[in-house]
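I keep these notes while going through one structure, entry by entry. Each entry says what I looked up and what I found.

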Amino acid sequence: MSHITYEKTIEIRDQYDVIVAGAGPAGICAAVAAARQGAKVALVERYGVVGGNLTVGFVGPILGMVGKGTMRDELVKLLEVPENDMIGETGRAHDFEHAKYVLSEFVNHENIHVYLQSAIYDVVMKNHSVQGVLVSAKGELFALTAPVVIDATGDGDVAYLAGEETLKGRDDGLMQPVTLEFTLDGVDEQNGIICIGDVDDVKLNGERFLDYCKRCTQEGKLPGHLAAVRLHPTVHPGQRQVNTTQANGVDTTKVEEIFSADLQLRRQIQLLTSFVRENLPGYENCRYTASGATTGVRETRRVMGEYIITAEELAAGARFKDVIVHNAEFIVDIHNPAGPGQAEASIQYVKPYDLPYRCFIPKTIDNLMVAGRCISGTHRAHASYRVMSICMAMGEAVGIAAALCARQGCTPRSLDVNMLQKTMTKAGIQLFD
Ligand SMILES: Cc1cc2nc3c(=O)[nH]c(=O)nc-3n(C[C@H](O)[C@H](O)[C@H](O)COP(=O)(O)OP(=O)(O)OC[C@H]3O[C@@H](n4cnc5c(N)ncnc54)[C@H](O)[C@@H]3O)c2cc1C
């Protein structure tokens, strides 16, 4: 491969107490939590609207549970969705257009500068700290600086660019498949089936619906890897949120793999729409109305931190002295990295567990924290804590921690966790039983 060496002196556009990279469920909560603690915050997002998978990813319903009093409760209320249970049986996907507006209002805080259509493409390091993040926005390149940076990019972009150790997928490197979610409107609610996922026993004409789908794959009506047709209800009667398309073996941190995956998924949407119209009672007159603006990414980099949490700990309901997310709960939900259905043909249940502060502190970089799906855990543990309720609670906790670090002039590694927990408790967040 040939190279070009490129040097440029760029403007430091502004200086902050906290920079939050990425405005998904974790990033928006991190930014608002830090701002509520009085920090001056930059929230930097590569797309043209905030929300991440909550908006552009077309992902819903908001799954998972966390302890009482977190921003997750505030957002569920703002998004006007009913309370969910642990696996989503009572879940309804939110309205994605409404979410774009509501979440924009949510981050519209006097202490937060929101940079949209602004991708972080590199970092400048000094010793073991991120001195500045480099942003590319419509032909402009500029730097932002802050004593504390939060990587909430989902992909761990900042940590990766800063040289932190990251891991992807399971031991053979394969990650969970990518999916493009879409909505169908015009479903007859009286007759149109709902199927929330692989644990659902809902029947179609007396046969378990998911067995029916499998039979359809054997009869050639559906491709084999689309055997689990998940049809979630939404807040709108007559609408279904379809979480079924699937492309395996895709690494979306490699740009050359993205378009072909996206096209493959968009072809599957056409096929699935015809399938449900032709085969499912109540779906005869439904219409494909919208899809995510970007391929939905379940899994990429995990940033290795001071502690690496495992699925065994989640299953046992682990407790930690340095807890900052309490009573997190969601099944270990591994969409098969190598084929159809769930990996190892099953899901694993967990007990409400804690996430310790150390999972949010990268091993070697002094002023960086992570939040959201890229925190420090194993491939299997990630498959539980990656859901949006838990990511929101993570973001809030890390946002408060970052604001405290900026105020006290200490690094995240040296922050007094006791004081962080006291501040969180004072904000109404439950951390202990
Ligand atoms: C198909 C699919 C179905 C799912 N189903 C559910 C479900 O039903 N319920 C549920 O709760 N969870 C579900 N999840 C999981 C959940 O959506 C994600 O794990 C969660 O959104 C992660 O939150 P996050 O804030 O860490 O990352 P994201 O939501 O991915 O947000 C990251 C943000 O960072 C931005 N960003 C990335 N890189 C950069 C950069 N270099 N510079 C600037 N900005 C950047 C992105 O544009 C994005 O806005 C699903 C995920 C997928 C893909």
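Entry 1, a strand pair. I began with a single bridge and found that Lys126 has Ser129 as its bridge partner in S6. I then looked up the two strands involved, and S5 and strand S6 (residues 129-137) turn out to pair in the antiparallel sense over seven bridges. I note here that I am reading a predicted model.

Entry 2, the sheet around that pair. I followed the pairing outward and came to an open sheet of four strands, in the order S1-S7-S6-S5, with mixed pairing. Strand S1 (12-15) and S5 stand at its edges with a single partner strand each, so one side of each is left without a neighbour in the sheet. I also looked up the twist, and neighbouring strands of this sheet are turned by 25 degrees against each other on average, direction ignored.

Entry 3, another sheet. I next looked up an open sheet of five strands, whose order is S4-S3-S2-S8-S19 and whose pairing is parallel. Its edges are strand S4 (112-115) and strand S19 (368-370), and because each has a single partner strand, one side of each is left without a neighbour in the sheet. The average turn between neighbouring strands of this sheet is 20 degrees, direction ignored. Within the sheet, strand S8 (residues 148-151) and S19 pair in the parallel sense over three bridges, and I noted that Ile150 has Met369 as its bridge partner in S19. I then asked what packs on this sheet. H9 does, touching strand S2 (18-21), S8 and S19, and its direction makes about 165 degrees with that of S8.

Entry 4, the ligand. How many residues surround the ligand? I found 39, and the closest are Gly22, Gly24, Gly52, Gly296 and Gly372. The elements that give two or more residues to this shell are helix H1 (25-36), strand S5 (119-126) and helix H9 (388-408), and H1 gives the most, with three residues. Sorted by class, the shell has 17 nonpolar, 14 polar and eight charged residues.

Entry 5, two loop residues. I looked up Val49 and found it in the loop between strand S3 (41-44) and helix H2 (71-78). Is Val49 buried, partly exposed or exposed? Val49 has 18 C-beta neighbours inside 10 Å, so it counts as partly exposed. Leaving aside its neighbours within four places in sequence, Val49 is in contact with Thr55, Val56, Lys100 and Leu116. I also checked Val49 against Ser104, which is 55 residues away along the chain, and their C-alpha atoms are separated by 7.6 Å.

I then turned to Asn205, which lies in the loop between strand S11 (203-204) and strand S12 (207-208). Asn205 has 7 C-beta neighbours inside 10 Å and therefore counts as exposed. From Asn205 to Asp73 I read 132 residues in sequence and 38 Å in space, C-alpha to C-alpha.

Entry 6, the whole chain. I ended with the totals, and the secondary structure of the protein chain comes to ten helices and 19 strands. The C-alpha trace spans about 65 × 55 × 40 Å along its principal axes. For 433 residues, a compact globule would have a radius of gyration near 22 Å, and the 21 Å of the protein chain agrees with this. Buried residues make up 51% of the 433 residues. Lastly, among contacts between residues at least 6 apart in sequence, 75% join residues at least 24 apart.

Technical notes. Residues are numbered from 1 along each chain as its sequence is written. This is a predicted model: local features need pLDDT of at least 70, side-chain atom pairs count only at pLDDT 80 or more; totals for chains, interfaces and linings use all residues. A residue is near a molecule or strand if its C-beta atom, placed from the backbone, lies within 6 Å of it. Ala, Val, Leu, Ile, Met, Phe, Trp, Tyr, Cys and Pro count as nonpolar, Asp, Glu, Lys and Arg as charged, and the others, Gly among them, as polar. Two strands pair if DSSP finds at least two bridges between them. Axes are lines fitted to C-alpha atoms, for helices over the stretch in contact, and angles run from 0 to 180 degrees between N-to-C directions. The radius of gyration is taken over C-alpha atoms; the globule rule is 2.2 Å times the number of residues to the power 0.38. A residue is buried if 20 or more other C-beta atoms lie within 10 Å of its own, exposed if 12 or fewer, and partly exposed in between; C-beta atoms are placed from the backbone. Two residues are in contact if their C-beta atoms, placed from the backbone, lie within 7 Å.
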